[in-house]
Amino acid sequence: MSKLNIKNLIKSFPSMDRPAVNNINLDIESGELVAFLGPSGCGKTTILKMITGLFQPDSGDIILDEQSLLKIPTEKRGVVMVFQNYLLFPYMNVNENVGFALKMKGVDKNIIDQKVKEMLELVKLPDIGLRKPKQLSGGQQQRVALARALISNPRILLLDEPLSNLDAHLRDEMRDLIVTIQQKLKVTTIFVTHDQEEAVLLADKIALIFDGELQNFTSPKNYYEKPKNIKAAKFFGGVNFINAKKDNNNLSTTIGTVHYKGENYTDLNEDNIITIRPENIKLSKNNDFNDNSFKGLIKSVIFSGTHTRYKIIVKDLELECSLQSVGLQDIKTDDTIYVHLPSDKIWAMNE
Amino acid sequence: MNNNLKKINIYAIYLGAFILILPLIAFFINAFSFRWFYPQVIPKELSLQAWVRLKLIPKPGQRTFDGFIELWASNPAVIKALLNSLSIGFLVTIVSIIIALPAARVLGLLNFRFKKLIIFIMVSPTILPPIAFVLGLNINFISWGFSGNYFGVCLVHLVPIMPYVVLTMTGIFANYNPDFEHQARTLGANKTKTFLLITLPAIAPGMVVAALFAFLVSWSQYLLTFLIGAGKVMTLPLLVFSTASSGNPALTAAISIIFIFPAILILFFTSKFVSGESGATSGFGKI
């Protein structure tokens with residue numbers, strides 16, 4: 001049970017014209033499962049390597065349980081990393097690999113054997129202890145790597161792209177296993193991924209990082225409903241963005257005045273942007289909504305199974321709406337339509 | 001490939017091996033014969049006189065256990081040269097590997113400006129004739145006091161050895177993933193344990209090959225030992241040359257056998273690293 005604070009962390013490499021990690025602040029609570037999400041090259045793995053001590057930051061601090069890690073050598077930090085390609089030691093069999101961390105601590109051999117057995121059962125791979133890493137499949141190697149990382153009860157577990165080298169069906173299985181084990185052992189865990197779906201499914205909180213800068217650090221739900229900026233909203237599939245101005249507790253836009261109930265109204269700048277998820281927009285042929293209702297024209301209708309997607313032109317603006325296909329009104333291209341933006345579902349953010 | 005062709009290939013290999021071994025057989029017969037001249041196909045008389053003259057086997061009548069001990073304890077020139085060659089060989093092998101290890105790691109893992117130039121300079125002793133640099137080097141060695149002694153000979157042996165050792169070991173590191181070391185560190189291994197348990201097993205097979213090159217290059221070094229040693233440091237190649245120029249074939253054959261034997265022995269014990277999957281392609285393999 002350990003909490004991690006990252007303070008003003010900066011790291012540059014001579015080969016890059018911008019800092020790889022630019023002034024990142026993060027507070028990760030004990031037992032949390034946190035995702036570092038961002039496109040490749042955004043600096044997320046660099047942060048992991050600074051937490052393990054493989055890189056030294058240029059400035060800033062990494063604090064684990066009120067104690068700075070920077071002066072502590074890698075092997076004494078209690079931070080274990082599972083690399084993307086597992087890196088099982090090829091000259092050792094599975095038992096020796098899993099027991100490695102305890103052997104380094106000088107633990108008695110009988111206790112190591114016992115613990116190794118427990119860990120292999122935890123990752124659901126008993127009876128393969130005598131095999132060499134080469135004889136294992138990718139999924140098995142990943143589990144052995146996880147067992148090896150967890151055996152010494154690390155204070156922080158770091159997973160670098162834990163699912164990206166696996167086939168699709170193994171990925172679901174592995175994801176469940178990671179969540180189960182993490183909840184069972186309550187180990188503070190950070191994993192790195194470029195896949196927003198993976199981050200949403202696994203993580204308690206997501207740190208979104210672009211170009212070495214932290215965009216937002218909040219729960220997956222908030223990324224959909226209350227994104228902090230337009231970049232974050234777009235990364236999570238946001239498509240509807242409307243320029244707005246503050247106007248008397250409401251927001252005025254090119255399509256008309258929009259009633260707003262979001263709790264962040266006082267924090268908004270004069271100029272801001274409204275966003276709404278496509279699935280929260282409602283459509284009606286007759287104007288039977290009381291407020292935030294705008295007249296538009298259907299540009300296109302795309303049936304995609306459970307949902308149907310509409311593109312609607314409202315004045316000079318294009319909005320996208322996604323409705324459940326079951327029980328739809330008959331709406332066709334070029335129909336005139338009333339678009340309803342429910343005031344509790346719209347979200348305004350600063351540019 | 002059809003069976004006949006396979007058979008022909010195998011016979012060709014046998015023939016090649018036979019051609020290589022034939023002179024060695026002649027050497028052996030010669031070393032144990034007395035006045036074996038043309039046109040005799042086999043020597044008329046077998047004899048140990050060459051070995052007696054080398055003071056490795058006592059004269060007839062003194063061939064008892066004590067006789068052997070007494071003779072060898074008198075420190076014959078052959079044994080002295082053999083021990084010199086062996087100790088110089090082992091010493092420069094160890095030193096060359098210690099020097100080459102960090103250099104090879106940098107050359108194998110990193111890319112930097114002028115890397116090709118640096119590699120070229122490192123390899124240059126294999127292209128340059130030794131006589132071209134050793135004469136200049138000798139002047140410096142004389143003024144530094146390295147000429148005519150054991151230390152100077154070791155030092156000059158490193159010149160032709162280093163290219164082989166650095167290049168072989170660079171090959172290992174080109175195929176090496178340093179993340180394994182990082183992984184071991186995060187699992188609680190300190191730097192020493194990481195080197196011993198992770199790095200060393202990965203590079204060991206390639207290192208044996210590099211050591212083999214180093215030893216054999218040092219072992220067969222004539223010119224550099226002759227010039228820098230100034231005749232004061234006697235190694236086996238020097239003894240072989242001086243004996244051969246004396247014109248006694250049996251004696252030359254006997255000392256050549258002593259010269260070849262340790263090299264063959266070492267090659268025999270390291271051959272499994274030179275051939276097959278390990279060898280210069282160690283590291284961690286492709287992952």
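User: Before anything else, what counts as a nonpolar core here?

Analyst: A nonpolar core is a set of buried Ala, Val, Leu, Ile, Met, Phe, Trp, Tyr and Cys residues joined through C-beta atoms within 7 Å. Please keep in mind that this is a predicted model.

User: OK, so how many residues has the largest nonpolar core, and which have the most contacts inside it?

Analyst: The largest nonpolar core has 112 residues, and those with the most contacts inside it are Ala35(A) and Leu158(A) from chain A, together with Val165(B), Ala210(B) and Ala214(B) from chain B. The largest share of this core, 14 residues, is contributed by helix α9 of chain B, which covers residues 191–219.

User: Is there another core apart from that one, and what is in it?

Analyst: Another core, of 21 residues, lies apart from it, and its members include Ile276(A), Ile281(A), Ile337(A) and Trp347(A).

User: Back to Ala210(B), what does it touch?

Analyst: Once residues up to four places away in sequence are set aside, Ala210(B) touches Ile97(B), Ala100(B), Val165(B), Thr168(B) and Met169(B). One of these, Ala100(B), is also where α4(B) has a kink of about 35 degrees, shortly before the proline Pro102(B).

User: How far does helix α4 of chain B reach?

Analyst: Helix α4 of chain B runs over residues 77–109, which is 33 residues, and it reaches 47 Å from its first C-alpha to its last, close to the 48 Å expected at 1.5 Å a residue.

User: Switching topic, how is chain B divided into domains?

Analyst: Chain B is divided into domain 1, residues 3–73, and domain 2, residues 77–281, and the centres of these two domains of chain B, taken over C-alpha atoms, are separated by 29 Å. Their contact takes 13 residues from domain 1 of chain B and ten residues from domain 2 of chain B. On the side of domain 1 of chain B that touches domain 2 of chain B, α1 (3–31) and α2 (49–53) of chain B each supply at least two residues, and by class that side has eight nonpolar, three polar and two charged residues.

User: And the contact between chains A and B, how many residues come from each?

Analyst: That contact takes 19 residues from chain A and 15 residues from chain B. In chain A, β6 (79–82) and α2 (94–104) each supply at least two residues of the side that touches chain B, and that side of chain A is made up of twelve nonpolar, four polar and three charged residues.

User: What about chain A itself, which helices, strands and domains does it have?

Analyst: Chain A has eight helices and 20 strands, and its domain assignment gives domain 1 (4–225) and domain 2 (242–350), whose centres, taken over C-alpha atoms, are 41 Å apart. Its C-alpha atoms fill a box of roughly 75 × 45 × 35 Å along the principal axes, and buried residues make up 38% of the 351 residues in chain A.

User: One last residue: where is Ala20(A) found, and is it buried or exposed?

Analyst: Ala20(A) is found in the loop between β1 (4–11) and β2 (21–28) of chain A, and it counts as buried because 22 other C-beta atoms lie within 10 Å, where the cut-off is 20 or more.

User: Which residues is Ala20(A) in contact with?

Analyst: Leaving aside neighbours within four places in sequence, Ala20(A) is in contact with Lys11(A), Ser12(A), Phe13(A), Gly43(A), Thr46(A) and Gly212(A).

Note on methods. Residues numbered from 1 in each chain as written. Chains lettered and ligands numbered in written order. Predicted model: local features only at pLDDT ≥ 70, side-chain atom pairs only at ≥ 80, totals over all residues. Buried ≥ 20, exposed ≤ 12 C-beta atoms within 10 Å, placed from the backbone. Helix = DSSP H or I, 4+ residues; strand = E, 2+ residues; numbered from the N terminus. Contact = placed C-beta atoms within 7 Å. Nonpolar A, V, L, I, M, F, W, Y, C, P; charged D, E, K, R; others polar. Domains from an automatic or database assignment. Expected span 1.5 Å × (residues − 1). Bend = angle between axes of the 7 residues up to and from the residue.
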